[in-house]
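User: Hey, can you walk me through this structure? I'm new to this, so please explain the terms as we go.

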Amino acid sequence: MIAQTRKAVGLLGTSDGRKQLKRSVARRLREQFMYPIARMTGGHNPFAPVKIAIEPTNRCNLKCEFCARLYWDEADNPEDDIPIELFEKIEPLLEKSPKVILQIFGEPLMGKAFFNMLERIKQNYDCHVGFNTNGILLHRRNAERLVRLGADEVYVSIDGTDAFKEIRGIPIKTMVRNINILNEVKAELGSTKPDVGIAMVAMKKNVHETADLVDVAASLGIKNMWVAHMEAHADYLIDELLFNHVELARTHFDIAKARAKEVGVDLVLPPLEKTEYFCDQPFNTMWINWDGAVRPCCRAVYANTIDIGNLYENSWEEIWNSQAMKDLRMSLLTGEGMIEFCEKCSHRVLCKDHLVRILPRGNAEEGRPTEAATLDQETQAEVQMNA
Ligand SMILES: C[S@@+](CC[C@H](N)C(=O)[O-])C[C@H]1O[C@@H](n2cnc3c(N)ncnc32)[C@H](O)[C@@H]1O
Ligand code: SF4
Ligand code: SF4
């Protein structure tokens, strides 16, 4: 107790220390009181979200075969970029939320306001900013902007080594080149940030390459590699789910684990057996699409899922404790009155059935709608100009 008091008094002496102390007190209060208060008040949450995701754009320069963008109803999910006026409505939230994900759907580095938002967040707020990217636009000019503006974390999506080309339509060497560029720029500018990780979506056709990808990570000095189950948005992809090939997946995951240990990569693998979780997303996170629609979780970021409001019509506080949000929280706390979308969600119960056909409406019965993309002309030109 005395040591803790001394530490707290020490922290009061500097502005960073005071911030740290304020955060730690807020975290403790939240941990202790958030769920009991929500239970007693029908789902009210007096604490702000700790993490917000902002969608710079839902446009993309690729057509990865498993991506919901290929199968969703285009009329319900029009493509565009977030206007900076909407970002200004989000800014009051940045005072409260320590973590920002600058991406939801689409390729964030294509977002017209991406770097403007990054700059404003890092200059004016004390937020950790990270995002996933397909890595194509990680050329020198963008790498320099990310480092200079202080992005904290970048996960590059690489789904295997050889299979990657079939899935994403580009060779892995493009990713390796771009991550090397980012590493060089960090070294030149004397920065350790952004931390770079690899995000892999695992399926039958690439699971045997998990260990090879661990080697690629190690060769690029990457410490963190995150593997996730594919969600099958189209019927022809269901056979690719690892839950349909558990023994195969286990064998390759074991090889990858051993390799990761050897080369010093922190590898996070998904469970291969049915697993239950408590979903805390509507208590802690807020997902804001480019058009101002606010969603409670990463799973509900398409049209016609869980609508809790729009920032053009309501403040974030009104949305955060709207009746829809409170009902959602109560259903997760008590298990009563749960909507079907949550009942069948892999973030609550991870199993084969919950990884199939997540889109509420779309063309999911059909096969792959187009060939894997080659880069569009605009992207090709930009990559060449900046390589
Ligand atoms: C929707 S993408 C947006 C960011 C960026 N375009 C990218 O590909 O990294 C965010 C993450 O979701 C993953 N993802 C996309 N479709 C998926 C699916 N059907 N199942 C699981 N993960 C998926 C991507 O691999 C990526 O790591
Ligand atoms: S890069 Fe692929 S996964 Fe990411 S948004 Fe584009 S199509 Fe979807
Ligand atoms: S259970 Fe799934 S759909 Fe429901 S709030 Fe959680 S992540 Fe979203």
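Analyst: Sure, one term to begin with: a residue is near a molecule or strand if its C-beta atom, placed from the backbone, lies within 6 Å of it. This is a predicted model, where local features need pLDDT of at least 70, side-chain atom pairs count only at pLDDT 80 or more, and totals for chains, interfaces and linings use all residues. Residues are numbered from 1 along each chain as its sequence is written, while chains are lettered from A and ligands numbered from 1 in the order in which they are written.

User: Ok, which residues are around ligand 2?
Analyst: You'll find C60, L62, K63, C64, C67, R69, F105, G106, E107 and N134 there. That shell divides into five nonpolar, two polar and three charged residues. Here Ala, Val, Leu, Ile, Met, Phe, Trp, Tyr, Cys and Pro count as nonpolar, Asp, Glu, Lys and Arg as charged, and the others, Gly among them, as polar.

User: And which ones surround ligand 3?
Analyst: Its shell is C279, Q281, P282, P296, C297, R299, A300, F341, C342, C345, H347 and R348. Helix 10 (281-284) and helix 13 (340-343) are the elements giving two or more residues to it. Helices (H or I, at least four residues) and strands (E, at least two) are DSSP runs, numbered from the N terminus. By class, ligand 3 has eight nonpolar, two polar and two charged residues around it.

User: Switching topic: which residues in helix 9 are buried?
Analyst: A249, H252, F253, A256 and A260. Buried means 20 or more other C-beta atoms lie within 10 Å of a residue's own, exposed means 12 or fewer, and partly exposed is in between, with C-beta atoms placed from the backbone. Seen down the axis, the buried residues of helix 9 fall within an arc of 105°, so they line one face. The arc is that of the directions from the helix axis to the C-beta atoms.

User: What's on the face turned away?
Analyst: Exposed residues E247, A258, K261 and E262. The buried ones pack against helix 8 (210-219) and strand 7 (266-268). Contact here means that two C-beta atoms, placed from the backbone, lie within 7 Å.

User: Which residues of helix 3 are buried?
Analyst: In helix 3 (residues 84-94), L86, I90 and L93 are buried. They cover an arc of only 30° around the axis, which puts them on the same side of helix 3. I84, E85, E88 and P92 are exposed on the face turned away from that side. As for packing, the buried residues of helix 3 meet strand 1 (51-54), strand 9 (285-288) and helix 11 (316-320).

User: Now the backbone. Where is the cis peptide bond?
Analyst: It joins K193 and P194, with omega about 0°. P194 sits in the loop between helix 7 (172-188) and strand 5 (195-202). Most residues other than glycine have a negative phi, and most peptide bonds are trans.

User: So what is the phi of N304?
Analyst: Near 65°, a positive value in a residue other than glycine. N304 lies in the loop between strand 10 (294-295) and helix 11. With 15 C-beta neighbours inside 10 Å, N304 counts as partly exposed.

User: What about R357, how is its phi?
Analyst: R357 has a positive phi of about 50°, although it is not a glycine. Its loop runs between strand 11 (349-350) and helix 14 (377-386). R357 is partly exposed, with 19 other C-beta atoms within 10 Å.
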